Amino acid sequence: MNENLNRYLEAFAPVRNDLLTEMEGYAKANGVPIMELSGMEPLLQILKIQKPQNILEIGTAIGYSALRMAYTLPNATILTIERDEDRLSKAYEYIERAHMENRVLVIKGDALETEHLVSPHGPFDCLFIDAAKGQYQRFFEMYEKYLAPGGIIFTDNVLFKGLVAEELESIESKRTRNLVKKIKGYNEWLISHEDYETVILPVGDGLAISMKKGDSHEKA
């Protein structure tokens, strides 16, 4: 998204409490990738409509998105997975300071190796994928089986600063080029998935919304 437009939209974001503002500052100062406000606010608005009770987040980082969802959805429980020990330490600290230990539950480890710890907590009304971008498809394939009827899968960063619209040959960094190639591949796979209907919203860093075909989209 255009930076000027992004700043314009972020100016309309609701005021966050002191803890969330502190987390935003910590993330910016320490290079921790948390969801952009211009993507977070639309996500929370959709969740207010959906009213999920049980959410699985892949990629806790410092717990910012999990706490935003917990504050927005007072009846929801968020199970979140993180493998980075430093970020996990900050997440525990912030979750405790928010007094959300009973509603934001953390699994330590690689999401590709913790399915056995996640499965007892399912099914989930919502899956939020916001971890290693090169593994998005594997995360989706591993955990979509735990999605409740009418559930929604959200994937963040699918536009990757607009680079997905660029020719790969024009991207100088080999690492970035490979990552863009994987995200583009994921988007194409997701859009053509025969079991899901997916739209990509140009908000924040790009948010994909996937709903299973044939679901009533009504809570039981």
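This report describes the pockets, annotated residues and salt bridges of a predicted model.

## The largest pocket

The largest pocket of the predicted model has a volume of about 650 Å³. Its lining is made up of 34 residues, and those nearest the centre are Pro-33, Arg-87, Asp-130, Ala-131 and Ala-132. Three elements each give two or more residues to this lining: strand E1 (54-58), helix H4 (64-72) and strand E2 (77-82).

Sorted by class, the lining of the largest pocket holds 14 nonpolar residues, 12 charged residues and eight polar residues.

## The annotated binding site

An unreviewed UniProt entry carries the annotation "binding site" for Met-35, Ser-65, Glu-82, Asp-110, Ala-111 and Asp-130. Of this set, Met-35, Ser-65, Glu-82, Asp-110, Ala-111 and Asp-130 are found in the lining of the largest pocket. Two of the annotated residues, Met-35 and Asp-130, are described here in turn.

Met-35 is placed in the loop between helix H2 (18-30) and helix H3 (37-50). With a relative accessible area of 3%, Met-35 is buried, because residues under 20% are counted in that class. Setting aside residues up to four places away in sequence, Met-35 touches Met-40, Leu-43, Tyr-64, Ser-65, Phe-128, Asp-156 and Leu-207. One of these contacts, Ser-65, also belongs to the annotated set.

Asp-130 is placed in the loop between strand E4 (124-129) and helix H7 (136-143). This residue is likewise buried, with a relative accessible area of 14%. Apart from residues up to four places away in sequence, the contacts of Asp-130 are Ile-58, Gly-59, Ser-65, Tyr-136, Asp-156 and Asn-157. Ser-65 and Asp-156 therefore appear among the contacts of Met-35 and among those of Asp-130, and both Met-35 and Asp-130 are buried.

## The second largest pocket

The second largest pocket has a volume of about 530 Å³. It is lined by 20 residues, and Asn-6, Glu-10, Ile-34, Glu-36 and Lys-161 are the closest to its centre. The elements that give two or more residues to this lining are helix H1 (3-10) and H2. The largest share, four residues, comes from H1.

By class, the lining of the second largest pocket divides into eight nonpolar, eight charged and four polar residues.

## Salt bridges

A search of the whole structure finds nine salt bridges. One of them pairs Glu-36 with Lys-161, whose closest N and O atoms are 2.7 Å apart. Glu-36 lies in the loop between H2 and H3, while Lys-161 lies in the loop between strand E5 (147-156) and helix H8 (174-191), so the pair ties together parts that are 125 residues apart in sequence. Lys-161 is exposed, with a relative accessible area of 56%. Glu-36 and Lys-161 are also among the residues closest to the centre of the second largest pocket.

A further salt bridge joins Arg-97 and Glu-22, with the closest N and O atoms 2.9 Å apart. Since Arg-97 lies in helix H5 (residues 85-97) and Glu-22 in helix H2, this pair ties together parts that are 75 residues apart in sequence. Arg-97 is partly exposed at a relative accessible area of 41%, and Glu-22 is partly exposed at 35%. Through shared partners, salt bridges join Glu-22, Lys-90, Glu-93 and Arg-97 into one network. In another pair, the side chains of Arg-16 and Glu-24 meet in a salt bridge at 2.8 Å, N to O. Here Arg-16 is buried, with a relative accessible area of 18%, and Glu-24 counts as buried at 17% relative accessibility.

## Gly-134

Gly-134 is located in the loop between E4 and H7, which is also the place of Asp-130. Gly-134 is partly exposed, with a relative accessible area of 32%. Leaving aside neighbours within four places in sequence, Gly-134 is in contact with Leu-179 and Lys-182.

Gly-134 can also be placed relative to Arg-16, a partner in one of the salt bridges described above. From C-alpha to C-alpha, Gly-134 and Arg-16 are 31 Å apart in space, and they are 118 residues apart in sequence.

Note on methods:
Residues numbered from 1 in each chain as written. Predicted model: local features only at pLDDT ≥ 70, side-chain atom pairs only at ≥ 80, totals over all residues. Heavy atoms only, no water. UniProt positions renumbered as here; feature names shortened; annotations may be inferred. 1 Å grid on protein atoms, 1.4 Å probe; cavity = no way out; pocket = protein on both sides within 12 Å on 5 of 7 lines; lining within 4 Å. Buried < 20%, exposed > 50% of the residue type's maximum accessible area, 1.4 Å probe, protein only. Contact = heavy atoms within 4.5 Å. Points joined across faces, edges and corners; volume = space filled by probe spheres on them. Nonpolar A, V, L, I, M, F, W, Y, C, P; charged D, E, K, R; others polar. Salt bridge = Lys/Arg side-chain N within 4 Å of Asp/Glu carboxyl O.
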